[in-house]
Amino acid sequence: MSRISQCFKKLKADGQTALIPYVTAGDPEPWVTVPLLHALVDAGADIIELGIPFSDPMSDGPVIQKACERALKNDVSVKSVLEMVKKFREKNSETPIVLMGYANPIEAIGYPTFAKLAKEAGVDGVLTVDVPPEESDDFRQIMDEHEIDTIYLVAPTTSNERMTMIASYARGFIYYVSIKGVTGSASLDVTEVNNKLALLRERTDLPLGVGFGIRDGKSAAAVAEIADAVVVGSTLVKCIEEHAQRLEELPAAVAGLVAEMRHAINARDLAKA
């Protein structure tokens, strides 16, 4: 059983919803990332999504696009990101790490090499935004061979037929994109999300995480009412941008946002129990 599956199993037994923060590796400076990851865990993160910087992050809004630009100016590569994960694992062997990004940087070093290095570093899952399930057979097979979960996105516009396909391919959990558009845009409609999650649950026993549009404790708690995991990104990355010139304050500032969401989620979980 993967670290991701173990995490969700424990949380379910405890009646808790997972909190999954996203940050871009190497933003705003490479040396900040590992201390930031530890601060996120201390603040209540259950799983961490670590973004691989890419020059054309088409599914991300301007906040994460700028984060990628800052990281790329620091020459952060796939191998740099894996070194950060390896460094994180020196003190934390339990918290699952999911790498989130795009196919091009991974393809540049080759799927087999990437999978080998990722496994050695301690990566638990990979979400490649622009690798559709129909074209992912080789990728999934290689990741499976290295016991790395392949995470897939489901959008509001995803057909029932395609949901069934994704459910059969996915490992670890399924990431439901709660709004139409890029990260950081619009606000979520919890009723609409709940209806879509019900359709997904007819097709899979995997945990369902919901991301996009979660900005604070209130929205995090609303999603915790209906999902197995709350994924938050742009709000945290915006905080990182605001503290880019005050790096000594950055981990605590971002952790404060995560702690607020953790508190709100826990309160909602207690109310549901």
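Is K86 buried, partly exposed or exposed? In this predicted model, K86 has a relative accessible area of 38% and is therefore partly exposed, since the partly exposed class lies between the buried limit of 20% and the exposed limit of 50%. The side chain of K86 meets that of E83 in a salt bridge, with an N to O distance of 3.8 Å. Both residues belong to helix α4, which spans residues 78-89, and their spacing of 3 residues corresponds to about one turn of the helix. E83 is likewise placed in the partly exposed class because its relative accessibility is 48%.

Confidence in the prediction was considered next. The pLDDT averages 92 over the chain, and 95% of the residues score at least 70. Residues 181-185 have a pLDDT below 50, although this stretch has 17 contacts in the model beyond near neighbours in sequence. Where pLDDT is low, predicted coordinates should not be read in detail.

The strands form an open sheet of 9 members in the order β5-β4-β3-β2-β1-β9-β8-β7-β6, and their pairing is parallel. Strands β5 (149-150) and β6 (152-154) occupy the edges; each has a single partner strand, so one side of each lacks a neighbour in the sheet. Within the sheet, β1 (residues 18-24) and β9 (residues 229-232) run parallel and are joined by 4 bridges. L19 has V230 of β9 as its bridge partner. Helix α8, formed by residues 160-169, packs on the sheet, where it touches β5, β6 and β7 (174-177). The direction of α8 makes an angle of about 155° with that of β6. Helix α11 (residues 234-242) also packs on the sheet, in contact with β1 and β9, and its direction makes about 40° with that of β1.

The nonpolar interior was then examined. In soluble globular proteins, nonpolar side chains tend to be buried together. In this model, the largest nonpolar core comprises 69 residues, and the residues with the most contacts inside it are L40, L50, L99 and L197. Helix α2, covering residues 30-43, gives the most to this core, contributing 7 residues. The surroundings of L50 illustrate the packing: apart from residues up to four places away in sequence, L50 touches a set of residues including Y22, V23, T33, L37, V81, V85, I97 and L99. A second core, separate from the largest one, contains 25 residues, among them F54, I64, Y175 and F212.

Charged pairs supply a further set of links. The whole structure contains 17 salt bridges, one of which joins R89 to D124 with the closest N and O atoms 2.8 Å apart. This pair connects distant parts of the chain: R89 is in helix α4, whereas D124 is in the loop between α6 (111-121) and β4 (125-128), 35 residues apart. Both R89 and D124 are buried. Another salt bridge joins D144 to R171, with a distance of 3.1 Å between the closest N and O atoms. D144 lies in helix α7 (residues 137-145) and R171 in the loop between α8 and β7, so this pair ties together parts that are 27 residues apart in sequence. D144 is partly exposed because its relative accessible area is 33%, and R171 falls in the partly exposed class because its relative accessibility is 27%. R3, R89 and D124 are joined into one network by salt bridges that share partners.

Two loop positions also meet residues far along the chain. G44, in the loop between α2 and β2 (48-51), counts as buried because its relative accessibility is 15%. The C-alpha atom of G44 is 6.8 Å from that of V258, although the two residues are 214 residues apart in sequence. With neighbours within four places in sequence left aside, G44 is in contact with L19 and R262; L19 is also the residue paired with V230 in β9. E29 lies in the loop between β1 and α2 and is partly exposed because its relative accessible area is 31%. A distance of 8.6 Å separates the C-alpha atoms of E29 and L247, which are 218 residues apart along the chain. E29 is in contact with N74 and L247 when neighbours within four places in sequence are left aside.

How values were computed: Residues are numbered from 1 along each chain as its sequence is written. This is a predicted model: local features need pLDDT of at least 70, side-chain atom pairs count only at pLDDT 80 or more; totals for chains, interfaces and linings use all residues. Side-chain values use heavy atoms; hydrogens and water are left out. Two strands pair if DSSP finds at least two bridges between them. Contact means heavy atoms within 4.5 Å. Axes are lines fitted to C-alpha atoms, for helices over the stretch in contact, and angles run from 0 to 180 degrees between N-to-C directions. A salt bridge is a side-chain nitrogen of Lys or Arg within 4 Å of a carboxyl oxygen of Asp or Glu. Buried means under 20% relative accessible area, exposed over 50%, partly exposed in between (1.4 Å probe, protein chains only). pLDDT is the predictor's confidence in each residue, from 0 to 100. A nonpolar core is a set of buried Ala, Val, Leu, Ile, Met, Phe, Trp, Tyr and Cys residues joined through side-chain atoms within 4.5 Å.
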